[in-house]
Amino acid sequence: MKTKILVTGGTGYIGSHTAVSLIESGYEVVLIDNLSNSSKETVVGIQEITGTKPKLEVVDLTYKKQCADVFAKHNDAKGLIHFAALKAVGESVKRPLQYYYNNLSSLMNTLECTVDNQINNFIFSSSATVYGKPDNVPISEDFEMKRPFSPYGNSKKIAEEIMEDFIVSNDSLSIISLRYFNPIGAHESGIIGELPTGTPNNLMPYITQVAAGVREKLLVFGNDYPTRDGTPIRDYIHVVDLAEAHLKALKRLLDRENEKTMEVFNLGSGKGYTVLEIIHAFEKVSGKQLNYEVTARREGDVPELISLPDLANIKLQWKAKRDLSEMVKSAWEWEKKIRTKVNGE
Ligand code: NAD
Ligand code: WQD
C-alpha cells in the first residue's frame, strides 16, 4: 500500500511541484486547498505529468470543522506538508489582519487536526523573510529571527514560534520547518508553474510577463545598494529542487531520523545573483532584450540574502542541482505556454 501524504496548498505553485515529486516517488497524495490562489486545473497538469490524478479536497483550513472533517476522512495519512498560506507581501501590508488570520488560523487548525488524527509528521513552508535584515551573509539557521518587514513575513515568524510552543506538549509530533530563499522556475514539462494573479510582486514572473508583452517594462528597484552592480542580491532556487527537498525532509521524519522534535533548514543554493544578473541571464536564454528602467528602492528590500545551505546538504542529503539558466529557461517556457493558452493559440 502506498504511503498517504496530505499536501495543503497543494494546487499552488510550490505545492503542485511537490505533489509531482511525491507521486513520482510512489506516495499517494491528497491535495487540500481552498483554491483562493490557484485553480483545480492544476490537478489535470499533475496527472498529465505523472499519469496519476491526485485527490483534491476543496477546503478552507481557517474553518475548524472543514479541517476536522477532511482530516478524519484521511486519518490513514502518515504525514502532512503545509503550504497553504497567503503570500503577497504588498497585499499583506494593506490587509494585515487578513494575512494574520488566514495564515495563522489555518496553521493552528492544521496542527490540531494533525495531532488529533495521529498523523505526527509535519512539514512547514517557512521563508528567509524570518531573518529580517541579517547582519551578514551567508545566513545559517542559528541566525536570530528578526522582525520581518511585512505582516506576511511576520506571519511566518509567528508561525514558527507557535509550532515551537505547540511541540512542547505534543511529543508524538515531529516538525520540520523549511525556510525557502527565492523560489523561481517551473516544471521542465512547462505543464505546471507559477500563476500570479494580477500584477506580480516577484522579479521572475515580472520579467517573463514583460518579455511576453503583458507588461510594458520592468522597474528595477534601486541600483545604489552596496553590491557588485548596485542591485540587490538574492539566492534563487529552482522550484523542482525545492520540491525534492520536501521529499528528503519527509523521508527524514518517516524514518525517524530527526534529531529534535522541531528542526529548521534553509533551502537555498548558497549562491547569490543581482537583479541585473537575472535580467542578463534571462536575455541570454530567451534571446530577447528586456525593457527595464532603474527606479527608486522598494521599501523593505534588503541588499543581500544568501543562504548557507550546509545543514540541509548534510542532514537532508539534499543540494540544489539546477543552475540559473535552467531556472530562467523553465520560467520562460512556462510563461510562453500560458500566453499560448490565454491567447487561444
Ligand atoms: P501559492 O499561493 O501558489 O500556494 C498557496 C496555496 O494555498 C494556494 O493554492 C491557495 O489557494 C492555498 N490557500 C491559501 N489559504 C488557504 C486556506 N485558508 N485554506 C486552504 N488553502 C489555502 O504560493 P506558493 O508560492 O506555492 O507558496 C507555498 C508556501 O510557501 C506558502 O506558505 C508561502 O508562504 C511559502 N513561501 C513561498 C515563497 C515564494 O516565493 N513562492 C517563498 C517562501 C515561502
Ligand atoms: C527580488 C529582487 C527586488 C520586482 C519575496 C518575499 C519573500 C519570499 C520571496 C515568500 C529584489 C527586485 C522585484 C520588480 C525589482 N516570499 N525586483 N523589480 O523580495 O527577495 O522576496 O519573495 O516568503 O518573503 O519578500 O523577492 O522577487 O520580490 O525581489 O527590481 O518588479 O528583485 O527589489 O531585489 P524578495 P522578489
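This note goes through the surroundings of the two ligands and then the nonpolar cores of a predicted model.

1. Ligand 1 is a good place to begin, and 27 residues stand around it, of which Ile14, Asp33, Asn37, Ser38 and Tyr152 come nearest. When these 27 residues are sorted by character, eleven are nonpolar, twelve are polar and four are charged.

2. Several polar atoms of the protein lie beside oxygen atoms of ligand 1, and they come from both backbone and side chains. A backbone N or O atom of Tyr13 is 2.8 Å from an oxygen atom of the ligand, while an N or O atom in the side chain of Asn37 is 2.7 Å from an oxygen atom of ligand 1. Lys156 also takes part, with a polar side-chain atom 2.8 Å from an oxygen atom of ligand 1. Ligand 1 would expose 830 Å² if taken alone, and the protein buries 96% of that area.

3. Turning to secondary structure, the shell around ligand 1 receives at least two residues from each of α1 (13-24), β5 (121-127) and α6 (151-168). The largest share comes from β5, which supplies three residues.

4. Ligand 2 is surrounded by 19 residues, and the closest are Tyr152, Leu203, Leu219, Arg234 and Asp301. Its shell divides into eleven nonpolar, five polar and three charged residues. Both α7 (203-211) and β8 (218-221) supply at least two residues of this shell, and β8 gives the most, with four.

5. The polar contacts of ligand 2 listed here involve side chains: a polar side-chain atom of Ser127 lies 2.9 Å from an oxygen atom of the ligand, and one of Arg234 lies 2.6 Å from an oxygen atom of ligand 2. An N or O atom in the side chain of Arg298 is likewise 2.9 Å from an oxygen atom of ligand 2. Taken alone, ligand 2 exposes 690 Å², of which the protein buries 88%.

6. Away from the ligands, a student may wish to look at the largest nonpolar core, which has 35 residues, and in which Leu22, Val29, Ile123, Leu178 and Leu267 have the most contacts. Among the elements that give two or more residues to this core are β1 (4-8), α1, β2 (28-33) and α8 (239-254), and α8 gives the most, with eight residues.

7. Leu22 illustrates how this core is joined, for, leaving aside residues up to four places away in sequence, Leu22 touches Ile5, Val7, Tyr27, Val29, Ile81, Leu247 and Leu250. Apart from this core lies another, of 26 residues, which includes Cys67, Val70, Ala84 and Ile175.

How values were computed:
Residues are numbered from 1 along each chain as its sequence is written. Chains are lettered from A and ligands numbered from 1 in the order in which they are written. This is a predicted model: local features need pLDDT of at least 70, side-chain atom pairs count only at pLDDT 80 or more; totals for chains, interfaces and linings use all residues. Side-chain values use heavy atoms; hydrogens and water are left out. A residue is near a molecule or strand if one of its heavy atoms lies within 4 Å of it. A polar contact is a pair of N or O atoms within 3.5 Å; within protein, one must be able to donate a hydrogen and the other to accept it, and residues adjacent in sequence count only if both atoms are side-chain atoms. Accessible areas come from the Shrake-Rupley method with a 1.4 Å probe; for residues, only the protein chains shown count as cover. Ala, Val, Leu, Ile, Met, Phe, Trp, Tyr, Cys and Pro count as nonpolar, Asp, Glu, Lys and Arg as charged, and the others, Gly among them, as polar. A nonpolar core is a set of buried Ala, Val, Leu, Ile, Met, Phe, Trp, Tyr and Cys residues joined through side-chain atoms within 4.5 Å. Buried means under 20% relative accessible area, exposed over 50%, partly exposed in between (1.4 Å probe, protein chains only). Contact means heavy atoms within 4.5 Å.
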